[in-house]
Amino acid sequence: MAALLASQSCCYASETSRTTKAIGFSSSLENPLTVESTHSFLTKSKRFRIEMRQSETPSKPGINGRSVKMVPSSEVVKRKDGVNNVNKVNGSAGKVVNGSSLVTSRRNMNGSAASSSTLVKPPTKQRTESFLPPPVEGVRVLPSDEGFSWADENYSSFQRSVDVWSFVLALRIRVLFDNAKWAYIGGFTEEKQKSRRRETASWLRESVLQLGPTFIKLGQLSSTRSDLFPREFVDELSKLQDRVPAFSPEKARRFIETELGAPISVMYKEFEDQPIAAASLGQVHRAVLHNGEKVVVKVQRPGLKKLFDIDLRNLKLIAEYFQKSETFGTNDWVGIYEECATILYQEIDYINEAKNADKFRRDFRNISWVRVPLVYWDYSAMKVLTLEYVPGIKINKLDALAARGYNRSRIASRAIEAYLIQILKTGFFHADPHPGNLAIDVDESIIYYDFGMMGEIKTFTRTRLLDLFYSVYEKDAKKVMQNLIDLEALQPTGDLSSVRRSIQFFLDNLLSQSPDQQQTLAAIGEDLFAISQDQPFRFPSTFTFVIRAFSTLEGIGYILDPDFSFVKVAAPYAQELLDLKQKQNSGTQLVQQIRKQADDARSSTLSMPSRVQRIEEFVKELDSGDLKLRVRVLESERAARKATILQMATMYTVFGGTLLNIGVTFSNQGSQLVANGSFVGAGIFMLLVLRSMQRVNKLDKFEKMI
Ligand SMILES: Nc1ncnc2c1ncn2[C@@H]1O[C@H](COP(=O)(O)OP(=O)(O)OP(=O)(O)O)[C@@H](O)[C@H]1O
């Protein structure tokens, strides 16, 4: 066995030396009872040490009765009791006891992560059979990325930029063509406009797929922004979720080995070549560790960072160009670009994702019906993530759920409740809870996947949200408006009375509905989009993610249970919030009320005579005509200005047309001089027409802004 191990370690050392630089071989004295030998080697990203240990019981997991552990040397911390803790940097730890190794934090009975120095428990029976069972939903054969230029490792940065700009040019021409048709031919019915938008959206989806990961991810992000894009685009772009090609297993294996700095066979006892899922940024393979624990390995697409760098450089220029050009509306495109770039870079940092998963698991440690896969820190790096294998049935697979007799109504409530806890209590929420990221475990727990995109609601914002919630409850449009301004969801520009009226209408209609005619959150979202088209709303992306998440979950709720009611699930939370707010208020309010009453009483008694006197004077001045009231109705002033411009434009068109006719007539008669003069005149009038149209356009935009 020793010979076998030695040959394995030699073979390992020689294999690693091909890709990495072997820098040493030494016997470890740190734990002479268990550690047989230690190899140190340097990879591109980390310095690793391998410990070979003799197991007490040969049946325990490990290679030939030994456990093999990859320990980043820089992260080895010697403890006073002589046991090595690893990964202090990452916040989790593992140690070796009696020949069995543990390389990550473990979940305790109620789902929480045990402390970093927890002794190793043998893996639970359920997850330690030596072979991977068939996946719950069966392994799909995913389309391959071969043939896509972005997947070619020799794709030059110049060629990439040309491809990106060709796409932008094509998009610009399409938008210009549509706008010209609407503005000048003017014959498009609402239905025709919709169908044209659908065509453009479908073209956009195909182009995005051709352009690869960056654009696919941006497309997916845009599909959450129903405040920015029309419905047809949002619908088309959400289809990007399930149409991403996979890369070859050879590529995946090579990439994992380079990233983790060791051959696959040393790290995993089994590694399944066929990925169980492929997404825009990476794909997921199942594997088994040498100690028998089943895991999934999430591998990032090779070359993604380089592609992001090139694409985001170009996208920045595109955003700046959109911002300057009037064709793409008044949105803050540079701001939107910056938000997206931050999210994209965060999503390719798997260490960040792993930290998020750990935090999310901690937040739910006391809730037994939420499961978050454990992170295997020692098998993870910036671009490769090893997680506990937690299979489940996707939350929207009704047949599979029904076949197992799961209680769908309970699942629907749990999905919403878990989200309410994130938004209202922990403040750390999953920003992308689409059905692919939610599954149901055997005990009907909700399993969460993918922690790349998380949102945070700071205490400051939460307090304001609470105020907003309370003012909605009181149906006070003025307070709602003020709270929205405080939350920076509404810009306090110009005359906000129309915004207040919209909010009041919204509150009256929304809150006065009986439970059977209650609007769905999705419909409310659509109404909000309609309002934000005409008003100076600019929802911060945090809110759009929350709104999107709730409407997705609500949709899932209805699919799972036709009698599902969001309000019913949310009611106890709402009550809790109201109680909290009332408690907060009661103390301060009492003092404030007393003070206000005292002030009122004082001012009314002290200044009564002077007030009466002023009112009398005012009425007298009105009577005598000394006081003139001048009322300006800004909306009608603007409308009148627009009408004048349009009138002028009509006159210019008539003059221009007449001069054109005259020019043609004189030209036919051979008087070229007069003809040319008429053509020049016609040209000038046409320019004036164009200028007038521009002014009307500007007025329209201004109207929307205020
Ligand atoms: N720990 C796990 N156990 C079992 N299956 C998993 C696990 N993690 C991920 N999966 C499977 O892999 C799929 C993709 O995982 P994940 O969403 O984390 O990848 P992604 O690259 O971030 O995808 P996307 O960008 O589309 O969200 C999941 O929908 C799930 O089916």
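Which strands does helix α12 lie across, and at about what angle to β18 does it run? Helix α12 (residues 408-426) lies across β13, β17 and β18 (446-448), and its direction makes about 45 degrees with that of β18. For that angle, axes are lines fitted to C-alpha atoms, for helices over the stretch in contact, and angles run from 0 to 180 degrees between N-to-C directions. Contact here is a C-beta criterion: two residues touch if their C-beta atoms, placed from the backbone, lie within 7 Å. The element names come from DSSP runs, numbered from the N terminus, with helices (H or I) of at least four residues and strands (E) of at least two.

A word on what you're looking at. This is a predicted model, where local features need pLDDT of at least 70, side-chain atom pairs count only at pLDDT 80 or more, and totals for chains, interfaces and linings use all residues. Residues are numbered from 1 along each chain as its sequence is written.

Zooming out, the protein chain comes to 20 helices and 19 strands. Of its 706 residues, 32% count as buried, meaning that 20 or more other C-beta atoms lie within 10 Å of the residue's own; 12 or fewer makes it exposed, anything in between is partly exposed, and C-beta atoms are placed from the backbone. Take the contacts between residues at least 6 apart in sequence, and 64% of them join residues at least 24 apart.

Back to the strands under α12. They belong to an open sheet of 4 strands in the order β13-β18-β17-β15, with mixed pairing. β13 (370-371) and β15 (393-394) stand at the edges with a single partner strand each, so one side of each has no neighbour in the sheet. Pairing here asks for at least two bridges found by DSSP between two strands. β15 pairs with β17 (residues 438-440) in the antiparallel sense over 2 bridges, and I393 has I440 in β17 as its bridge partner.

Next, try strand β11 (282-289). How many of its residues are buried? The count is 8 of 8, and both faces are covered, with G282, V284, R286 and V288 on one side and Q283, H285, A287 and L289 on the other. As a general point, side chains in a regular strand alternate between the two faces of the sheet.

β11 pairs with several strands. With β12 (294-300), β11 pairs in the antiparallel sense over 7 bridges, and V288 has K294 as its bridge partner in β12. These two strands form a hairpin with 4 residues between them, and G292 in the turn has a positive phi of about 95 degrees. A hairpin with 3 residues between its strands joins β10 and β11; β10 (residues 277-278) is antiparallel to β11 over 2 bridges, with A278 set against Q283. Strand β9 (residues 268-271) also runs antiparallel to β11, joined by 3 bridges, and Y268 stands opposite L289.

A278 has a partner in space as well: its C-alpha atom is separated by 6.6 Å from that of P245, 33 residues away along the chain. P245 lies in the loop between α5 (231-238) and α6 (249-260), and counts as partly exposed because it has 18 C-beta neighbours inside 10 Å.

Now for the ligand. There are 20 residues around the ligand, and A277, A279, V284, P373 and D450 come nearest; a residue is near a molecule if its C-beta atom, placed from the backbone, lies within 6 Å of it. Elements giving two or more residues to this shell are β11, β12 and β14 (384-388). By class, the shell has 12 nonpolar, 5 polar and 3 charged residues, where Ala, Val, Leu, Ile, Met, Phe, Trp, Tyr, Cys and Pro count as nonpolar, Asp, Glu, Lys and Arg as charged, and the others, Gly among them, as polar.

β12 and β14 turn up again beside helix α10, since what covers its buried residues includes β12, β14 and β19 (454-456). Those buried residues are Y350, E353, A354, N356, A357, D358 and R361. N356 sits in α10 (residues 350-363) and is buried because 21 other C-beta atoms lie within 10 Å. Leaving out residues up to four places away in sequence, N356 touches F451 and M454. N356 and M454 are 98 residues apart in sequence, yet 7.4 Å apart in space, C-alpha to C-alpha.
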